[in-house]
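Work through the following exercises with the structure open beside you, and try each task before you read its solution.

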Amino acid sequence: MPAEALPQKPDPFPATPSSSSLEDHFAHIRPDRAESDAFASLEHRQLRDGEFWREVPPFSKIDAATFMDPHWQLKNSVRSPSEISAFLRGTDDEFVADVERGLALAPMSIRITPYILSLIDWRNPREDRLRRQFLPLASEKLPDHPISVLDALGERSHSPAERLTHRYPDRVLLISVDVCPVYCRYCTRSYSVGANTNKISKFKHVTTGSRWAAAFEYIRTHPAVEDVVISGGDTYMLKPDEVRVIGNTLLDIPHVRRMRFATKGVGIMPMKLVRDEAWLDALTSVGQRARSMGKEVSVHTHIAHPAEITAITREASRMLWDRSITVRNQAVVLRNVNDDPEILKLLIRRLSYLNIHPYYMFQHDFVPGVESLRTPLHHTLRLEKHVRGATAGYNMPTFVVDLLGGGGKRDAHSFEHYDRSTGISVYVSPVVDPNALYFHFDPIDTLPPEGQERWTRSDEIPRMLEDARDAVRLCS
Ligand SMILES: *Cc1c(COP(=O)(O)O)cnc(C)c1O
Ligand code: SF4
């Protein structure tokens with residue numbers, strides 16, 4: 001049986017200009033183009049301001065001092081299905097039941113900050129794009145792809161020391177904590193991040209002595225490592241002292257030149273940067289010490305939709321700017337959340353306006369339970385085409401596929417082969433492994449009927465993979 005398709009939505013892309021006449025062909029350089037909407041829109045500068053959270057009934061009595069308090073944000077995050085049900089009391093019963101069933105089926109635990117809850121339009125939560133990003137509905141669920149696996153990126157298989165992934169020659173990924181202030185439904189690290197759910201018993205990092213001792217020792221004894229991604233979980237959850245310990249220990253290693261603290265915090269709890277002085281001071285002191293040593297400290301954040309950016313985010317990013325800390329954004333292309341050229345352009349312009357560099361847009365990883373959020377590769381490539389040029393080239397994200405099986409990040413356009421009917425694309429990654437081929441798979445429900453049909457037959461699957469392999473050999 002072919003997978004059931006999500007409701008069809010109108011094609012979000014403007015029509016490709018026909019080249020029927022020379023005049024049409026050059027329409028885009030006519031002088032009146034400067035007056036067109038695309039040029040006049042300043043929407044990216046209009047951020048939600050004031051006490052916007054009061055429009056959401058459970059927060060109607062929350063004053064600004066309380067809402068801006070990061071401890072209040074953490075304490076009042078919804079973190080269980082019963083808490084989300086309590087939060088939703090009074091909204092449409094059928095919707096609440098759909099959420100409850102969606103959460104029961106989900107591989108990821110739930111945690112959402114009041115900040116994000118206050119930005120969702122609860123009068124129409126089914127259609128709201130932030131709701132879709134953070135809260136699953138059973139009615140939206142699609143079957144997993146037949147090839148779906150946990151730890152799709154092979155982080156555990158590339159792990160030479162506890163809490164460390166070493167895939168590229170000069171940089172490593174340090175898993176500093178296992179918790180986040182929000183849990184993303186589509187998290188790549190759903191194999192280890194968050195509490196156990198009904199569906200999955202999480203792999204736990206076993207720790208001996210200092211949590212990071214083995215990782216630090218590995219970095220210290222591997223002079224090729226210049227760049228450390230301090231990830232998680234989310235480094236927002238590190239205590240100020242832990243930020244200093246990690247930062248200073250790494251700075252003391254002569255060959256470490258760059259480090260990035262990864263946090264979704266700028267997007268989901270920006271008030272921490274405005275109000276948690278101890279944490280910001282810790283980061284600032286590491287940043288300033290790095291600068292005095294000729295090294296770089298940056299923050300990598302994760303903002304997926306322009307509606308996550310408010311006047312509070314503007315204040316938060318200004319705090320980091322004032323402290324000379326570069327902020328970059330890496331986000332995922334999510335179906336029916338941000339997979340629309342207008343939304344992505346707005347996101348990119350808004351980030352740029354706040355001096356946050358759009359760095360990567362990821363093709364959605366292979367994560368179980370969230371097939372309805374994945375887009376086919378051809379859609380992502382088309383998005384890139386329609387978005388590039390909307391602002392300065394240095395603020396244009398690279399659209400990448402993080403390869404299944406641990407091949408690393410590759411420009412989404414750089415496939416060796418792509419069959420739109422089977423949805424199989426094949427990449428190489430010479431720096432990681434010059435002999436390996438890496439496969440990426442479009443969601444089944446987006447394939448043409450003949451492609452969907454082939455995936456239902458188990459004897460066809462090895463044949464489709466072999467055909468894709470052969471096609472690459474023929475081309476090279
Ligand atoms: C993403 C990632 C990095 C950093 O890659 P960049 O392309 O430099 O951002 C490093 N190590 C691992 C394992 C990664 O997944
Ligand atoms: S913030 Fe990052 S690590 Fe945490 S759940 Fe989201 S994607 Fe996963």
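The exercises below concern a predicted model, and they go from a sheet to a ligand and then to a hairpin.

**Exercise 1.** Describe the order of the strands in the open sheet of nine strands, and explain why one side of strand E1 and of strand E9 is left without a neighbour.

Solution. Begin with the order, which reads E1-E2-E3-E4-E5-E6-E7-E8-E9, and note that the pairing in this open sheet is mixed. Next, look at the edges, where strand E1 (164-168) and strand E9 (408-411) stand; each has a single partner strand, and therefore one side of each has no neighbour in the sheet. Finally, follow the twist, which averages 30° from one strand to the next.

**Exercise 2.** Find the sense in which strand E2 and strand E3 pair, and name the bridge partner of leucine 173.

Solution. Locate residues 171-175 for E2 and residues 227-231 for E3; these two strands are joined by five bridges and pair in the parallel sense. Then take leucine 173 and look across to E3, where its bridge partner is valine 229.

**Exercise 3.** Which strands does helix H15 lie across?

Solution. Helix H15, made of residues 341-353, lies across strand E6 (326-332), strand E7 (356-363) and strand E8 (398-403). Comparing directions, the helix runs at about 150° to E7.

**Exercise 4.** Describe the surroundings of ligand 1, starting from the residues around it and ending with its buried area.

Solution. First, list the shell: the residues around ligand 1 are Thr165, Arg167, Tyr168, Arg171, Leu173, Val229, Arg260, Tyr359, Tyr360 and Lys409. Second, sort them by character, which gives five nonpolar, one polar and four charged residues. Third, ask where they come from: E1, E2 and E7 each supply at least two residues of this shell, and E1 gives the most, with three. Fourth, examine the polar atoms, where a side-chain atom of tyrosine 359 lies 2.6 Å from an oxygen atom of ligand 1, while an N or O atom in the side chain of tyrosine 360 is likewise 2.6 Å from an oxygen atom of the ligand, and for lysine 409 the corresponding distance is 3.0 Å. Last, consider the area: taken alone, ligand 1 exposes 380 Å², of which the protein buries 92%.

**Exercise 5.** How many residues does the hairpin between E11 and E12 pass through, and how do these strands run?

Solution. The hairpin joins E11 to E12 through three residues. Strand E11 (residues 424-429) and strand E12 (residues 433-441) run antiparallel, and six bridges join them. As an example of pairing, isoleucine 424 has phenylalanine 441 in E12 as its bridge partner.

Methods
Residues are numbered from 1 along each chain as its sequence is written. Chains are lettered from A and ligands numbered from 1 in the order in which they are written. This is a predicted model: local features need pLDDT of at least 70, side-chain atom pairs count only at pLDDT 80 or more; totals for chains, interfaces and linings use all residues. Side-chain values use heavy atoms; hydrogens and water are left out. Two strands pair if DSSP finds at least two bridges between them. Helices (H or I, at least four residues) and strands (E, at least two) are DSSP runs, numbered from the N terminus. Axes are lines fitted to C-alpha atoms, for helices over the stretch in contact, and angles run from 0 to 180 degrees between N-to-C directions. Contact means heavy atoms within 4.5 Å. A residue is near a molecule or strand if one of its heavy atoms lies within 4 Å of it. A polar contact is a pair of N or O atoms within 3.5 Å; within protein, one must be able to donate a hydrogen and the other to accept it, and residues adjacent in sequence count only if both atoms are side-chain atoms. Accessible areas come from the Shrake-Rupley method with a 1.4 Å probe; for residues, only the protein chains shown count as cover. Ala, Val, Leu, Ile, Met, Phe, Trp, Tyr, Cys and Pro count as nonpolar, Asp, Glu, Lys and Arg as charged, and the others, Gly among them, as polar.
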